[in-house]
Amino acid sequence: MSSSPSAKKMSPGAALPDSRIAVSGLPDDRFLDSALRPNTWQEYVGQEHIKSNLKILLQAARERGHPPEHLLFYGPPGLGKTTLAYLIAKELGAQMKVTSGPAVEKVGDLASILTNLQAGDILFIDEIHRLNKTIEEVLYPAMESGSLNIIIGKGPSARTIQLELPAFTLIAATTRIALLSSPLRSRFSGGTFHMQFYSEGEVESIMHRSAKILQVALTAEAAKEIAARSRCTPRLANQFLKRCRDYAQVHKVPLERRAVRDALALLEIDEIGLNAADRHLLAVLIQKFNGGPVGLSTLGAALAEEEATIEEVHEPYLLQLGLIERTPRGRVATRRAYEHLGLTPPQEEQKKLL
């Protein structure tokens with residue numbers, strides 16, 4: 001059968017085109033998150049205290065000729081925990097195996113991962129707080145003494161086989177460090193690092209770098225506007241940038257502050273980064289419960305929302321902005337919440353503020 005005229009011939013040994021790069025030379029939209037990830041320490045903006053500690057730890061480990069000790073990063077999602085793991089692997093020239101807590105369902109899954117590691121490899125476990133406690137017990141000796149204890153059989157005939165593992169570094173990330181058992185936390189001898197929220201200036205710098213990768217002209221005012229609404233989180237800022245890019249492309253307008261405001265208005269993101277669900281929570285708290293205090297379960301019932309969603313998704317940012325307070329009697333809306341929604345605080349609140 002003859003080939004079609006449109007088929008392209010490729011010489012033997014020629015490199016295949018990178019599937020992540022579109023014909024236009026832009027990153028493939030399916031892999032944009034990966035394309036926007038920093039590749040060097042210089043490109044990684046923010047978290048200066050962590051970077052300073054890591055550079056010393058990595059340099060010392062290289063000079064000794066040993067893998068770095070185990071590391072734990074914790075903090076809200078989208079602050080760069082996974083990116084730090086990739087940068088560490090690149091700095092060491094090490095191969096990184098990636099998994100997550102929910103993916104390791106059985107002891108055999110963990111045993112398979114550990115026994116396939118090579119000397120100097122990095123094992124990255126995301127959301128490690130979701131590991132089963134039984135699996136944690138197997139992980140302890142692997143981290144501490146480089147051995148894997150496997151129990152074969154049951155009852156009186158059961159026996160333990162100990163396998164020696166190559167020297168490796170475990171890097172773990174979690175958004176809920178309180179759910180990690182104390183024995184597991186204590187085995188991260190290299191350090192436990194808390195990821196801080198970014199400043200608006202840092203997010204602006206990230207926006208300009210991302211805009212260059214996306215090959216869009218982003219004005220300084222537009223970058224500032226996105227940063228102000230990004231909840232101090234680079235991942236969210238990059239998401240907003242991509243949607244603003246789409247809006248500017250479809251409407252054939254430059255990516256300036258007005259385009260950013262119009263695009264984010266369509267997403268119902270206001271000037272301080274609250275979405276429609278956040279504002280609805282404040283409105284219910286103020287209008288149905290006179291600003292509180294109101295218990296979490298009652299508030300959840302009024303919003304038709306699960307308590308965990310309120311506590312883990314909405315409240316952290318509202319608390320950070322000082323829009324609500326947690327009291328022994330329940331949640332309370334602050335004066336700033338009233339002002340943001342254009343409402344007048346109750347008389348009692350006004351008297352306190354006089």
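Let me start with a question: is N290 buried or exposed? N290 counts as exposed, at 61% relative accessibility. Keep that residue in mind, since I'll come back to it.

Okay, the overview. What we have here is a predicted model. The protein chain has 15 helices and nine strands. It runs to 354 residues, and 41% of them count as buried. On the outside, the chain exposes about 19400 Å², with carbon and sulfur atoms supplying 51% of that. And how do the contacts spread along the sequence? If you take the contacts with a separation of 6 or more, 66% of them come from residues 24 or more positions apart.

Now, helix packing. Two packed helices are described by the angle between their axes and the distance between the axes. I've got three pairs to show you.

Pair one is α4, residues 107-115, with α5, residues 133-144. Their axes come within 9 Å and cross at roughly 25°. Angles under 35 degrees count as roughly parallel, so that's what we call α4 relative to α5. The crossing of these two is right-handed. If you want to click on side chains, α4 brings V107, L110 and L114, and they meet T134, I135, V138, L139 and A142 of α5. By class, the α4 contact with α5 comes out as seven nonpolar residues, one polar and no charged ones.

Stay in that area for a second, because there's a proline to look at in the loop between β2, residues 96-100, and α4: P102. Is P102 buried, exposed or partly exposed? With a relative accessible area of 34%, P102 is partly exposed. Which residues does P102 touch, once you leave aside neighbours within four places in sequence? The answer is E127 and R130. There's also H129, which is 27 residues from P102 in sequence, yet the two C-alphas are 9.1 Å apart in space.

Pair two is α7, residues 200-214, and α9, residues 234-251. Here the axes come within 10 Å, and the crossing is at roughly 45°. That angle makes α7 and α9 oblique to each other. α7 passes α9 in a right-handed crossing. There's a longish list of residues here, so bear with me: V203, I206, M207, S210, A211 and L214 on the α7 side, against P234, A237, N238, L241, K242 and R245 on the α9 side. Sorted by class, the α7 contact with α9 has eight nonpolar, two polar and two charged residues.

If you walk off the end of α7, you get to Q215, in the loop between α7 and α8, residues 220-228. What's going on with its backbone? Phi of Q215 is near 60°, a positive value in a residue other than glycine. Q215 counts as exposed, at 55% relative accessibility.

And this is where N290 comes back. N290 also has a positive phi, of about 55°, although it is not a glycine. N290 lies in the loop between α11, residues 276-287, and α12, residues 296-303.

Pair three is α8 with α10, residues 257-266. These pack at an angle of about 30°, with the axes 7 Å apart. So α8 and α10 are roughly parallel to each other. From α8 you have E221, A222, K224, E225 and I226, and from α10 you have R257, V260 and R261. What classes of residue make up the α8 contact with α10? Three are nonpolar, none are polar, and five are charged.

One last stop: H340, in helix α14, which covers residues 335-340. H340 is partly exposed, with a relative accessible area of 21%. Buried means under 20%, so H340 doesn't get that label at its 21%. Not counting residues up to four places away in sequence, H340 touches D270, E271, I272 and L274. The C-alpha atoms of H340 and L323 are separated by 8.6 Å, and those two residues sit 17 apart along the chain.

That's my tour. Happy to pull any of these up on the screen.

Note on methods. Residues are numbered from 1 along each chain as its sequence is written. This is a predicted model: local features need pLDDT of at least 70, side-chain atom pairs count only at pLDDT 80 or more; totals for chains, interfaces and linings use all residues. Side-chain values use heavy atoms; hydrogens and water are left out. Helices (H or I, at least four residues) and strands (E, at least two) are DSSP runs, numbered from the N terminus. Buried means under 20% relative accessible area, exposed over 50%, partly exposed in between (1.4 Å probe, protein chains only). Contact means heavy atoms within 4.5 Å. Accessible areas come from the Shrake-Rupley method with a 1.4 Å probe; for residues, only the protein chains shown count as cover. Axes are lines fitted to C-alpha atoms, for helices over the stretch in contact, and angles run from 0 to 180 degrees between N-to-C directions. Angles under 35 degrees count as roughly parallel, over 145 as roughly antiparallel, 65 to 115 as roughly perpendicular and the rest as oblique. A crossing is left-handed if the near helix is turned anticlockwise from the far one by less than a right angle, and right-handed if clockwise. Ala, Val, Leu, Ile, Met, Phe, Trp, Tyr, Cys and Pro count as nonpolar, Asp, Glu, Lys and Arg as charged, and the others, Gly among them, as polar.
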